[in-house]
Amino acid sequence: MRLYNPSFEIIVDKIQITNFDGVYEPAEDSWLMAKHLPDFQGSVLEIGSGSGIISLHLAQRGNLVTAVDINPKAVEATKFNSKENDLEIEVLEADLFSSVKNRKFGTIVCNPPYLPPADEYDDPELSLAVEGGPTGTEFTLKLLKEANDYLEDNGSIYMILSSRMKEFETDWNKEIVKQEKYFFERLNLVRFSR
Ligand SMILES: C[S@@+](CC[C@H](N)C(=O)[O-])C[C@H]1O[C@@H](n2cnc3c(N)ncnc32)[C@H](O)[C@@H]1O
C-alpha cells in the first residue's frame, strides 16, 4: 500500500529517484556524497537514507548495502526507489543503530541532520532530516560515539559536515575527501578512521 504520492523524479547516473512527501529531497549534500564517495567495496550501512539516493549509488557500485532511517516514510521511499532501479538493498526502520545490533559493517555513511534548530522548519519530518541538535553537531557526535561497536577493524565512516555546525573535537582521525563551497555554507565530505 502506498500511503503518500510521489511528487517528482530525478535521474542521475542512470538512477531514478522518486521523491515523496515527508522525505528529504536530495540536495547539494546528497549529490556531494553520492558522487564523491571513494570506490570501496563491501558491506555498507547508511544511517538516514531518506529517498535512498546514496544507498542506491553504493549498491550500483557492487556494495552490500543496509539502509536505515527513523522516518517510516523514508524507509518506504528507499524501498520503492531500490525496487524501481532493480537494486537490492536491506532497508530497516531504526533510530541510528537500533536495528543492526551485534552486526558490523566495513563502511558506515551518513548525510546527517546538521543544522542548529530554526523556526523555519514547521514540518516535523523536515526538522528530523535537517536539525542536528542545539549546535548542529549533537547527532554527528552521537553517531561517531556509537559507531565504534558497528564498524569492522580498519573500517571507515563517511559523513557530510557543514560550516554551519559548531566546531567539534573527536578522537577519530579526520580527513576531508571533498569540499564544496556555496555562498551560504561550505560542505565537506569527511572520512573518519582509526
Ligand atoms: C539530511 S537527510 C539525508 C537523506 C539522504 N541520505 C540524502 O542524502 O538525501 C537525513 C536523514 O536522516 C534521518 N534521520 C534523522 N534522525 C535519525 C535517526 N536518529 N536515526 C536514523 N535516521 C535518522 C532523517 O529522517 C533523514 O531522512
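In this predicted model, G62 has a positive phi of about 100 degrees and sits just after helix α2. The helix before it, residues 53–60, is mostly covered, with seven of its eight residues buried. The points below take up α2 and its surroundings, its pairing with α1, the ligand shell, the nonpolar core and the exposed residue K166.

**Helix α2 and what covers it**
- The buried residues of α2 are I53, I54, S55, L56, H57, L58 and A59.
- Strands that help to cover these buried residues include β2 (15–20), β3 (43–47), β4 (64–69) and β6 (105–110).
- Helices α1 (28–36) and α3 (72–84) are also among the elements that cover them.

**Pairing of α1 and α2**
- The axes of α1 and α2 cross at roughly 10 degrees and come within 9 Å.
- The two helices, α1 and α2, therefore count as roughly parallel, the cut-off being an angle under 35 degrees.
- On the α1 side the contact is made by S30, M33 and A34, and on the α2 side by I53, I54 and H57.
- The residues of this contact comprise four nonpolar, two polar and no charged.

**Shell around the ligand**
- There are 24 residues around the ligand, and those that come nearest are S30, G48, G50, N71 and N111.
- Two or more residues each come from α1, α2, β4 and α4 (124–130).
- Helix α4 gives the most to the shell, with three residues.
- By type, the shell holds 14 nonpolar, seven polar and three charged residues.
- S30, one of the residues nearest the ligand, also takes part in the contact of α1 with α2.

**Nonpolar core**
- The largest nonpolar core has 45 residues, and M33, I108, V109 and I157 have the most contacts inside it.
- Strand β7 (residues 151–162) gives the most to this core, with six residues.
- Beyond its neighbours within four places in sequence, M33 is in contact with I54, V109, N111, Y158, I160 and L189.
- Among these partners of M33, I54 is a buried residue of α2, and N111 is one of the residues nearest the ligand.
- In soluble globular proteins, nonpolar side chains tend to be buried together.

**K166, an exposed position**
- K166 lies in the loop between β7 and β8 (173–181).
- K166 is exposed because 12 other C-beta atoms lie within 10 Å, and a residue with 12 or fewer counts as exposed.
- Apart from residues up to four places away in sequence, K166 touches T135, G136 and T137.
- From K166 to I53 the separation is 113 residues in sequence and 27 Å in space, C-alpha to C-alpha.

Definitions and conventions. Residues numbered from 1 in each chain as written. Predicted model: local features only at pLDDT ≥ 70, side-chain atom pairs only at ≥ 80, totals over all residues. Buried ≥ 20, exposed ≤ 12 C-beta atoms within 10 Å, placed from the backbone. Helix = DSSP H or I, 4+ residues; strand = E, 2+ residues; numbered from the N terminus. Contact = placed C-beta atoms within 7 Å. Near = placed C-beta within 6 Å. Nonpolar A, V, L, I, M, F, W, Y, C, P; charged D, E, K, R; others polar. Core = buried A, V, L, I, M, F, W, Y, C linked by C-beta atoms within 7 Å. Axes fitted to C-alpha atoms, helices over the stretch in contact; angles between N-to-C directions. Parallel < 35°, antiparallel > 145°, perpendicular 65-115°, else oblique.
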